[in-house]
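Work through the following exercises with the sequence and the model side by side. Try each task before reading its solution.

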Amino acid sequence: TYSFLINGQPSKANWTALFKPGERVRLRFINAASMTYFDLRIPGLKMEVAQADGQNIQPVTVDEFRIAVSETYDVIVTPQEDRAYTLFAEAMDRSGYARGTLAPRPGMSAPIPEMRPRPIRTMADMGMAEGAHEMKPDGKAPEAGGSMPGMDHEAMGQGDARSETPSEKPPLMHGADTHGPGNAMIAMAPRSRLREPGAGLENTGTRVLTYADLRALEPGYDRRPPEREIELHLTGNMDRYIWGFNGKKHSESNPIRLRHGERVRVIFVNDTMMEHPIHLHGMWMELDNGNGEYNPRKFTINVKPGERLSFIMTADAPGAWPFHCHLAYHMASGMMLDVMVSDDEEKTHP
Ligand SMILES: [Cu+2]
């Protein structure tokens, strides 16, 4: 079990920030936990989300948001009353919470909400179409239909990178490749979940932030369409505790080689039943949530169970960059890739 902290303080210590009633207060939330997603709210206050991962977005007002490991959100609150408000950060698995206080004077506190029930994983989390009830006992896909094209994840640069239409689409069936022994299950029908707030937050009756809400304040600097696409399946085997991409752990993987300056679409398919916060060093990921040149820039993209989503990036930073799940145990057990960006054609296309 974990102790959940706010700025190093356990809940009982009640970390407190002071405000004057009526003033606008900016709060920067950084999920610095090693393995915990938090659901964050301040009962009695609306939060105006102004930045995601340190990048300005068009403000969106919410009651609650889920923050994945290593994400950051900046919110503005305007507490009007001369009273304390609880900062409540519930662990996604409801195993505990971190708590702090916003107050006009030191030593104040407000009621601490009850934790809500632990979210239940659904068919959608297993990457199955809603209403589907068939899965082989071993969790493997039934034989792929004759017309279903197998995907070759090693063959990068195939397909029309412009053909990917963002946002809500019917599920795309998984190909015949089940990613070998490093992977235990596949998402049969992965689909976009950008409009979903996340497991357990569907029916709060309040406004919960989703990835579909994120719209950059300014257009991106590179408006070129992607020249090619790379599909990465997030894979794992809980029994063996191996995590990786395309069924391979880091030590077995080949680097992703990008030509300096090229524009690439990267597609994630989450074949596991867990969320993975995928973090890229050195370059921005423009989450394709259907907002075109206003797609938000992220350094960490949370991929929900059974989800298919994509981002576009410009390989504008030569060098070798880590690209990994930010859950510490997943990263340590193999969920990491090297991204190599080079001007040298030999190095990018050996
Ligand atoms: Cu992970």
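**Exercise 1.** Decide whether N7 is buried, partly exposed or exposed, and describe its backbone.

*Solution.* Start with the scale, on which buried means under 20% relative accessible area, exposed means over 50%, and partly exposed lies in between, as computed with a 1.4 Å probe and with protein chains only. N7 has 59% relative accessibility and therefore counts as exposed. Next, locate the residue: N7 sits in the loop between β1 (5–6) and β2 (9–10), where strands are DSSP runs of E with at least two residues, numbered from the N terminus. Finally, look at the backbone, where N7 has a phi near 45 degrees, a positive value in a residue other than glycine.

Before going on, note that this is a predicted model, in which local features need pLDDT of at least 70 and side-chain atom pairs count only at pLDDT 80 or more, while totals for chains, interfaces and linings use all residues. Residues are numbered from 1 along each chain as its sequence is written, and side-chain values use heavy atoms, with hydrogens and water left out.

**Exercise 2.** Find where D53 lies, and decide whether D53 is buried or exposed.

*Solution.* The loop between β6 (47–52) and β7 (55–62) holds D53. Although D53 is not a glycine, its phi is positive, at about 50 degrees. With a relative accessibility of 1%, D53 counts as buried.

**Exercise 3.** Identify which protein atoms are donors of the copper ion.

*Solution.* Donors are N, O and S atoms within 2.8 Å of the metal (3.2 Å for Na, K and Ca), and since water is not among the atoms, sites may look incomplete. The protein donors are ND1 of H276, SG of C325 and ND1 of H330, which lie 2.0 to 2.2 Å from the copper ion. Along the chain, these donors follow the spacing H-x48-C-x4-H. Both C325 and H330 are buried.

**Exercise 4.** Explain what the salt bridge between D74 and R26 ties together.

*Solution.* Side chains of opposite charge can pair when their charged atoms come close. A salt bridge is a side-chain nitrogen of Lys or Arg within 4 Å of a carboxyl oxygen of Asp or Glu, and the structure holds 30 of them. In one of these, the side chains of D74 and R26 meet at 2.9 Å, N to O. Because D74 lies in strand β9 (residues 72–77) and R26 in strand β4 (residues 25–30), the pair ties together parts that are 48 residues apart in sequence. As a last step, check the accessible areas: D74 is buried at 2%, whereas R26 is partly exposed at 47%.

How values were computed. Helix = DSSP H or I, 4+ residues; strand = E, 2+ residues; numbered from the N terminus.
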